[in-house]
Amino acid sequence: MKSSLPPHSKTSPTKAAAPKVHFSSEGKHLLRDMIATNKFGTFFGISQKVLDSVWQALTSPAGESVTYISMEIGADLDVFHPVRNKLNRLEITEHPDEAINRFVQLFLQGPVKIPNYSGGLGILAGDTLKSFADCKIPVAGVSLLYRKGYFSQMVDSKIGQVAWASQWEPKNTPGLYLLHAPENPAQPLTIEVPFYDQAGKQSVACAQIWLKMELNETLDFFVPEILLDFQTPQSPSWIQDAAQHLYDSSSEKVKATQRRLLGLGVIPAMEALGITSRTIHLNEQHGVGVVLSLVAKLLEKKYGPQYEKKATDQSILAAATEVAKRIVFTIHTPVIAGHDRFNVSVYEDLISPFCKRVLNLLALEEHNHSVYNFTAMAMKLNRATNSVSRLHKEVTQKQFPQYADKITAITNGVHHLTWTSDAKAELYDTFPELRNWRKDPSVFTKAAPLHRNKKFRTYFEQAWRTDTKILAEYVTRMLITHRNQRLATWIDPPNYLSYRSEKEATLEHTTFTLGFARRFSTYKRADLIFEDIDRLAAMITENNWPVHFLYAGKAHPSDEPGKDLIKNVLAVQEELYLKSNGLAKLIFIPGYDMHLAKMMVAGCHAWLNSPKRPLEASGTSGMKAAMNGVPNVSIMDGWWVEGYHDGRTGWKFGYEESVSPEHFSEHPSSLLYNEDSASFYTVFPEMLRLFYDPALHDQYIDKCIANLTLNCPIFNTHRMAAEYVARYDLELAPETQQEMEKFRKLYCSEPSF
Ligand SMILES: *Cc1c(COP(=O)(O)O)cnc(C)c1O
């Protein structure tokens, strides 16, 4: 059915290619306000005034800003592209000024993928930086630029996941600028990170610096992402190789090298740009090497250039304590594979003897002196340690009892403007109850009357149907494309339905659709609900209620058990389809990324999360569903403990008793497949009944709207940023401070803080 929503509101980002217009003087003027220059480059999308004021805040001697370090940052332009939105709104398709026109064309037509992320951690970083930009908090992000991205995924029905390097061209990506040296604009701005071999001989890794501009929706503030790119002719080839793929784990040395490039690149990059942040935020421990630079700086100040010889152990420890006062640390997972531990011997070939001495004092694992433990080091050296949900706080305190007192919780969020679908955004724009939701997600707290507003309920369902149709059509097209490609490539279509008739491979948007998409790793148990196919098929055939199960996600190329999970999902497709008389269609969508995520969370009817409790520290894809009013069905783990609201917003299943260290294992025998899948089978029929039974369907919609009123105000990165700002101890402009307090009042992840 066609959506009968009112015409696009002015701010809607969905406008199709606009007609060419003759240029009004107003349009020219507006565009001139969208270009700005400083000594590092020329930037599009902001006025000179905005560039100057943000830069001034980041470089002021007071240091009232934050440098945010993350191994990965996910901020693809196909899910949030404020500059293109503005060009579309103004119906600008070209510009008489040649320099400006080049930018206009690039921003309207340039590539939209920046494959510098692997999953939740990176997307959280991107969402966080976008909210800092929206809230006008002076922050600079720092990460690496990976020329071959993470990896691109194809899936073959027999082989399973096939990985190959992502193709992308930083230089043709809108909003991504190669900075130039102020004294010589023909040269890129570069920084160096030293490495040492066993004989103490130094070699130098050299990075050029890219700036990805994270602009807010109103284009009057931005957060720069400083991306260090070690693919330079000056870098030794082994460094260039090590820096190409995000999370390359081909050897311990490559892993350790990547961490060093990030951690030791931060201070040189800040100095090259003049960034003065007093506070450094570690988004996970990968960049904790920054502490080494800061310790060296303090010692040099105290002892002069001979500091390496003169410093005593005591003075090194004292410097580390001083540095710790500047560090805020977020820990993201209790899963051991997520904590960096490297054999001391790996460092023989990477660092100087002095650096080794510092690491021996700060990073040696307590009970195993042949290992440096960087999670433990990050845990020790900070002024605030944050876990990412209330339950994760409890878990982290049990994993690190010696730091239990300083571990607090700031529950994650998502950037609501990024994750709200176009159809839902249009809906929210339409109702006065939600006025200003784009700037202020707290307005959703006032949306309770919408529960009884018939017009809202109808419009909500129409917008949802639009999203489901987009998803169903995408998947149908994919199944048919795979079938057609079969003869042209060596890849066998992954999905059973590509081998059936075209009619069978066509998805109906009226069919109940359950979504699951995230990284495929053991503890996330992607195949949990297929434990008993007979039982699952029976509950579907019982009432002839068709179901789509849509799955997506990548496994790290060297994670064999993770890749097996993908095979397991493919392996049950046929059986489930046949046993359910063709009512259950289970489909795996290859190439999970932010765009697909957005389409899925908005278009599904329920969002599934089935991790082993308590290993999902937070999880964020369920929050993205909530932003679209889509209920979750989830294990009581991570954020869902806080977002479940006694069942008003969705369903729970599985183990939920207290947590203790024996639950932290990922061993196959402790994964609780039997128990937790059985629990799912008791919940699933009720979900189908509420969805399909016309007498009960209203209750389903109640749950959807409860997501808007109860979860949208809380699980967004504006509220999360406000909680972090309190930890940063920043001096902000009074109106910014006020805005932050408003968001903070909505929720307190840490009731006692
Ligand atoms: C949100 C997101 C994730 C994280 O999902 P979780 O449920 O938190 O694991 C991973 N990958 C992509 C592409 C996402 O958009």
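This passage describes the domains, the ligand site and selected residues of a predicted model.

The structure is a predicted model, in which local features need pLDDT of at least 70 and side-chain atom pairs count only at pLDDT 80 or more, while totals for chains, interfaces and linings use all residues. Residues are numbered from 1 along each chain as its sequence is written, and side-chain values use heavy atoms, with hydrogens and water left out.

The protein chain is divided into domain 1 (35-409) and domain 2 (418-715), with bounds that come from an automatic or database domain assignment. A distance of 32 Å separates the C-alpha centres of domain 1 and domain 2. To their contact (heavy atoms within 4.5 Å), domain 1 contributes 45 residues and domain 2 contributes 48 residues.

The ligand lies between the two domains, because domain 1 and domain 2 both give residues to the shell around it. A residue is counted as near the ligand if one of its heavy atoms lies within 4 Å of it. There are 14 residues around the ligand, of which Arg518, Lys524, Thr620, Ser621 and Lys624 come nearest. By class, this shell comprises five nonpolar, five polar and four charged residues; Ala, Val, Leu, Ile, Met, Phe, Trp, Tyr, Cys and Pro count as nonpolar, Asp, Glu, Lys and Arg as charged, and the others, Gly among them, as polar. At least two residues of the shell are supplied by each of helix 5 (120-135), helix 21 (594-603) and helix 22 (621-627). Helices (H or I, at least four residues) and strands (E, at least two) are DSSP runs, numbered from the N terminus.

Polar contacts, defined for the ligand as pairs of N or O atoms within 3.5 Å, involve several of these side chains. A side-chain N or O atom of Ser621 is 2.5 Å from an oxygen atom of the ligand, and for Lys624 the corresponding distance is 2.6 Å. A polar side-chain atom of Arg518 lies 3.0 Å from a ligand oxygen atom. On its own the ligand has 390 Å² of accessible area, and the protein covers 96% of this; accessible areas come from the Shrake-Rupley method with a 1.4 Å probe.

Individual residues were also examined for burial, where buried means under 20% relative accessible area, exposed over 50%, and partly exposed in between (1.4 Å probe, protein chains only). Gln244 occupies the loop between helix 6 (237-242) and helix 7 (252-263). Its relative accessible area is 13%, so Gln244 is buried. Apart from residues up to four places away in sequence, Gln244 touches Tyr146, Arg147, Lys148, Gly149 and Gln231. Thr511, in the loop between helix 17 (454-485) and strand 20 (512-517), is likewise buried, with a relative accessible area of 7%. With the same sequence neighbours left out, Thr511 touches Pro546, Val547, His548, His605 and Tyr692.

Backbone geometry was considered next. Most residues other than glycine have a negative phi, and most peptide bonds are trans. Asn436, in the loop between helix 16 (422-430) and helix 17, has a positive phi near 75° and is partly exposed at 43% relative accessibility. Asp646 has a positive phi of about 50°; this residue lies in the loop between helix 23 (640-643) and strand 25 (650-653) and is exposed, at 75% relative accessibility. A cis peptide bond, with omega about 5°, joins Arg613 and Pro614, and Pro614 is placed in the loop between strand 23 (606-609) and helix 22.

Technical notes: Polar contact = N/O pair within 3.5 Å; in protein donor to acceptor, adjacent residues only side chain to side chain.
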